[in-house]
Amino acid sequence: MSDASALTKQEDDAPDVGELTPPDRTLMGPGPSDVHPRVLKGMSTPLVGHLDPSFVEIMDEVQELLRYTFRTDNQWTIPVSGTGSASMEAAIGNLVEPGDTMLVPTNGYFGGRMKSMAERAGGEVVEVSAPWGEPLDPVDVERAFDEHQPDVFGFVHAETSTGVLQPNVPELTDIAHDHDALVIADSVTSLGGVELRVDEWDIDVAYSGPQKCLSCPPGASPLTLNDRAMDKVLGREERPRSWYLDLSLLEGYWGDDRSYHHTAPISNVYALREALRLVAEEGIEARWARHRAVAGDLKAGLQDLGLEMNAPDEYWLPSLNAVRVPDGIDDGAVIDHLLEEYDLEIASGLGDLEGDIWRIGCMGYSARPKNVEYVLAALEDALGQQGF
Ligand SMILES: Cc1ncc(COP(=O)(O)O)c(C=O)c1O
């Protein structure tokens, strides 16, 4: 008898962990959102190799569906392996070279992350200011361009930390291009849920995540670059600091060669393909309209409860509804009550707005009338518990 087979279960020190049984939550927070059953099914289909001819075909289909969803003809449209921060760092880390200046916004949590990434890429960072809870004013952006002449300008189209949608995008991209700068748009909380037109609005680079309005598990994150941006990436003097996210190397896998760079997260690519197929079936404009209509009912219901939205109607973000916490209400107790009594997730404020707002997502498969009714009823109960 071998030593191995002589080991009994009692002598083995393997942890005794039970079967996976996560709670059945309704996800109405800032993401992830509820995943469509068809996406979950797609994700559990058998793997093929990441260079299998059948997978190469799937890659082509995902790229085509991503172009449709981003409203772009950019050849360079791919899912980056990793979460939204990976596609974000791929955008910033490839576009910003040491010595470049990047202009970033101060009006939310994710502008701050842009700043950190640009600094790590060796860039100098300058800021255009707006308070948390307000969009950027094109006049301020123009002024910042005149003062600093940045090479790259980043803005957050849908700021998840404040529930603010950046209007006037074509105005911002015009200012940047008049100053020979490239534009990076964070569309993590807008892609597939809020009007976004990469080509028509002349956005050079847009990155996103799958777990918000696409209702797909995190893991393969959309990114698109136009030729102008890709020329800069391929003409860099110094290689990007990340090997994994170097787009000139990733081109070998996602471009014509289809040669090995890293092992793609096959199941996440399957999931994204199904999530994007759902977008195409619904139609992108109908999908934007659904988000507005369902989130509009949510907003009206919240106001009927006596609550106030954080963002005025002109820049209200349907996919992320930031609601002010009324005076005297314990925001954390409400969140806990919803989770414990209703298996329902909403989130608190981040950064400057911590304790001031709740964040209620209305994204993808979660953007359904049934969910809106459920959130409103649960909130009414939770607020009632505190005498509101
Ligand atoms: C606007 C925005 N940008 C970037 C990210 C980063 O994405 P991830 O958390 O998937 O890495 C998020 C995530 O919530 C986001 O909301």
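**Close-up 1. Strand E14 is covered on both of its faces.** In this predicted model, Ile357, Arg359 and Gly361 are buried on one side of E14, and Trp358 and Ile360 are buried on the other. Counted along the strand, five of the five residues of E14 are buried. A residue is called buried here when its relative accessible area is under 20%.

**Close-up 2. Strands E11, E14 and E13 form an open sheet, in that order.** The pairing in this three-stranded sheet is antiparallel. Strands of a sheet pair through backbone hydrogen bonds, and the pairing can be parallel or antiparallel. Strand E11 (320–324) and strand E13 (347–348) are the edge strands, each pairing on one side only. Five bridges join E11 to E14, and Asn321 stands opposite Ile360 in E14. Two bridges join E13 to E14, which spans residues 357–361. Ala347 stands opposite Arg359 in E14, while Ser348 stands opposite Trp358 in E14.

**Close-up 3. Gln303 and Val323 are distant in sequence by 20 residues and 9.3 Å apart in space, C-alpha to C-alpha.** Gln303 belongs to helix H11, which covers residues 284–304. Gln303 counts as partly exposed because its relative accessibility is 40%.

**Close-up 4. Strand E2 pairs with strand E10 in the antiparallel sense.** Seven bridges connect E2 and E10, the latter formed by residues 219–225. Ile78 stands opposite Leu223 in E10. Strand E2 (residues 76–82) is mostly covered, with six of its seven residues buried.

**Close-up 5. Arg38 and Glu274 meet in a salt bridge.** The structure holds 16 salt bridges. Side chains of opposite charge can pair when their charged atoms come close. In the pair shown, the N to O distance is 2.7 Å. Arg38 lies in helix H2 (residues 37–43) and Glu274 in helix H10 (residues 266–282), so this salt bridge ties together parts that are 236 residues apart in sequence. Is each partner buried or partly exposed? Arg38 is partly exposed, at 28% relative accessibility, whereas Glu274 is buried, with a relative accessible area of 10%.

**Close-up 6. Lys115 and Glu119 form a salt bridge within helix H5.** The N to O distance between these side chains is 3.8 Å. How far apart are Lys115 and Glu119 in helix H5? The two residues are four residues apart in H5 (residues 109–120), so about one helical turn separates them. Lys115 is partly exposed at 29% relative accessibility, and Glu119 is partly exposed at 42%.

**Close-up 7. Asp204 and Arg228 meet in a salt bridge at 2.8 Å, N to O.** This pair links distant parts of the chain, 24 residues apart. Asp204 sits in the loop between strand E8 (182–186) and strand E9 (205–207), and Arg228 sits in helix H8 (residues 227–234). Asp204 is buried, with a relative accessible area of 0%, but Arg228 is partly exposed, at 41%. Elsewhere in the structure, Arg38, Glu274, Arg277 and Glu281 are joined into one network by salt bridges that share partners.

**Close-up 8. A patch of negative charge lies on the surface.** Which residues gather in this patch? They are Asp137, Glu142, Asp146, Glu147, Glu171, Asp174, Asp178 and Asp180. Helix H6 (138–148) and helix H7 (169–178) are the elements that give two or more residues to the patch. One of the patch residues, Asp174, lies in helix H7. Asp174 is partly exposed, with a relative accessible area of 44%.

**Close-up 9. Trp243, Tyr244 and Leu249 make a nonpolar surface patch.** The area of this patch is about 310 Å². Tyr244 is placed in the loop between H8 and helix H9 (247–254). Is Tyr244 buried or partly exposed? Tyr244 counts as partly exposed, because its relative accessibility is 36%.

Definitions and conventions. Residues are numbered from 1 along each chain as its sequence is written. This is a predicted model: local features need pLDDT of at least 70, side-chain atom pairs count only at pLDDT 80 or more; totals for chains, interfaces and linings use all residues. Side-chain values use heavy atoms; hydrogens and water are left out. Patches are made of residues with over 30% relative accessible area and no salt bridge: like charges are joined within 9 Å, nonpolar side chains (Val, Leu, Ile, Met, Phe, Trp, Tyr) within 5 Å. Accessible areas come from the Shrake-Rupley method with a 1.4 Å probe; for residues, only the protein chains shown count as cover. A salt bridge is a side-chain nitrogen of Lys or Arg within 4 Å of a carboxyl oxygen of Asp or Glu. Lys and Arg count as positive and Asp and Glu as negative; His and the chain ends are not counted. The place of a charge is taken as NZ of Lys, CZ of Arg, CG of Asp or CD of Glu. Buried means under 20% relative accessible area, exposed over 50%, partly exposed in between (1.4 Å probe, protein chains only). Two strands pair if DSSP finds at least two bridges between them.
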